[in-house]
Each structure stands twice: as C-alpha cells, then as structure tokens.
Amino acid sequence: MANREALRELQSRLASRLQAARSEGLSVSWLAVEAGGSQYLLSLAQSGEIFPWANVQSVPYTSPWFMGVANLRGGLSAVIDLAAFVRGDGARRVRSESELAQCRLVALNPLLETNCALLVDRLLGLRTTDAFASSAPPDQSAAPYFGHVYTDLEGRQWQELNLQ
C-alpha cells in the first residue's frame with residue numbers, strides 16, 4: 001500500500017512540475033524513464049499523459065513488442081513495450097503482476113495523431129540540458145527514432161528518443 005501511495009505522490013509531483021514548467025516557461029526538455037535497464041529521454045512536446053498499468057488486451061499475430069490495446073480515458077491505445085521495441089531482438093520480457101503494477105504507460109501527445117502508449121519500467125522525473133555534462137549525435141547506423149546520447153553528471157548515459 002505504501003508503494004502505491006508513494007507512486008501516486010510521484011505522479012502528482014511530476015504532473016504539477018510539468019504544469020508549472022509549461023505555464024512558467026521553464027526550460028524542461030524531457031521526461032526521463034527507465035525501460036529494460038536503460039535510461040531514455042522522451043521529449044515533453046511529444047509525450048502525453050502518464051497512466052498506471054492498465055488491463056492490456058493482447059492482440060494475436062503481432063510483433064513481440066506490441067503488448068496489445070488498452071482503454072485509456074475512454075479511447076483505445078496501442079501499448080508498446082519500449083525496451084523490446086528498442087532492442088529489436090523480438091524478445092519481450094515476461095513481467096509478474098507485481099512488476100506490471102510498478103510500470104507506467106506514457107501516452108504519445110495527441111498532436112502526433114496516433115493512439116499509442118509506451119510501457120516503461122519506471123519514471124525518473126524531468127530533465128533539462130543542465131543535468132547533462134555532454135552529448136553526442138546518434139551513429140549513422142542508428143534507428144531513425146534515436147536522438148542524441150546524453151551523459152549526465154554521474155556518468156550515466158541517456159538515449160533521447162524521437163517519438164514522432
């Protein structure tokens with residue numbers, strides 16, 4: 001129970017900080033998430049609402065990274081396992097119900113005109129460019145949705161994703 005309350009408080013704080021950043025014009029650039037042990041940066045302009053794990057209905061004969069569809073605020077959204085999609089190896093990690101309860105669904109911004117949500121293992125907060133010591137452009141052979149790779153002040157690497 002305490003974990004659920006703590007997660008709700010984190011989501012509430014993130015939502016209020018996001019709203020404050022939008023209204024005050026702060027230079028918040030990314031929503032930081034963890035998926036499959038890797039850290040990713042999702043552009044706030046391309047990210048949408050954050051949802052707790054929802055009852056996802058599987059769809060037969062789809063790619064392994066396609067988890068199914070979920071009812072998010074009355075609309076059907078495709079749910080993509082971000083870690084499995086980015087890895088591209090076709091393997092999706094099986095999660096227990098307790099692990100799924102800790103996961104979050106990050107919907108894409110409605111302006112992108114796609115009903116889609118990304119399954120992430122954890123939300124890690126908001127990040128600005130001030131949080132990083134350096135950045136490098138993506139490799140020529142990288143997937144087109146990969147943006148810069150940022151290194152934070154503690155030496156961890158963060159992959160920027162272009163959700164569009």
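These legends go with a set of close-up views of one predicted model.

**View 1. Five strands line up in an open sheet.** Reading across, the order is S3-S6-S7-S5-S4, and the pairing is mixed. Strand S3 (47–52) and strand S4 (66–72) sit at the edges, each with a partner on one side only. From one strand to the next, the twist averages 30°.

**View 2. Here we zoom in on S6 and S7, an antiparallel pair within that sheet.** Strand S6 covers residues 104–108 and strand S7 covers residues 116–120, with four bridges between them. To get your bearings, look for Ala107, which stands opposite Ala117 in S7.

**View 3. The largest nonpolar core has 22 residues.** Which of them touch the most other members? That would be Leu31, Val33, Tyr40, Leu42, Leu82, Leu118 and Leu161. Quite a few elements chip in with two or more residues: strand S1 (30–35), strand S2 (38–43), strand S5 (75–81), helix H2 (82–87), S6, S7 and strand S8 (122–127). Apart from this core lies another one, of 13 residues, and Phe51, Met67, Val79 and Cys103 are among them.

**View 4. Leu31 and its contacts get a frame to themselves.** Leave aside the neighbours within four places in sequence, and Leu31 is still in contact with Tyr40, Leu41, Leu42, Leu44, Ile50, Val106, Leu123, Gly125 and Leu126. Two of these names, Tyr40 and Leu42, also turn up with Leu31 in the list of core residues that touch the most other members.

**View 5. Two cysteines, Cys103 and Cys116, are the subject here.** Are they buried or exposed? Cys103 has a relative accessible area of 3%, so it is buried. Cys116 comes in at 13% relative accessibility, so it counts as buried too. As for disulfides, the count for the structure is zero. Cys103 belongs to the core of 13 residues.

**View 6. Tyr61 and Arg73 are non-glycine residues with positive phi: about 60° for Tyr61 and about 55° for Arg73.** Where do they lie? Tyr61 is in the loop between S3 and S4, while Arg73 is in the loop between S4 and S5. Tyr61 has 86% relative accessibility, so it counts as exposed. For Arg73 the value is 69%, so this residue is exposed as well.

**View 7. Trp65 and Phe85 meet edge-to-face.** The structure holds seven aromatic pairs, and this view shows one of them. The ring centres of Trp65 and Phe85 are 4.9 Å apart and the planes are at 85°, which is why the pair counts as edge-to-face. It links distant parts of the chain, with Trp65 in the loop between S3 and S4 and Phe85 in helix H2, 20 residues apart. How open are the two residues? Trp65 is partly exposed at 26% relative accessibility, and Phe85 is partly exposed at 29%.

**View 8. Four aromatic residues come together in one cluster.** Its members are Trp30, Phe132, Tyr150 and Trp158.

Terms used:
Residues are numbered from 1 along each chain as its sequence is written. This is a predicted model: local features need pLDDT of at least 70, side-chain atom pairs count only at pLDDT 80 or more; totals for chains, interfaces and linings use all residues. Side-chain values use heavy atoms; hydrogens and water are left out. Two strands pair if DSSP finds at least two bridges between them. Axes are lines fitted to C-alpha atoms, for helices over the stretch in contact, and angles run from 0 to 180 degrees between N-to-C directions. A disulfide is a pair of cysteine sulfur atoms within 2.5 Å. Buried means under 20% relative accessible area, exposed over 50%, partly exposed in between (1.4 Å probe, protein chains only). A nonpolar core is a set of buried Ala, Val, Leu, Ile, Met, Phe, Trp, Tyr and Cys residues joined through side-chain atoms within 4.5 Å. Contact means heavy atoms within 4.5 Å. Rings of Phe, Tyr and Trp (its six-membered ring) pair if their centres lie within 6.5 Å; planes under 30 degrees apart count as stacked, over 60 as edge-to-face and the rest as tilted.
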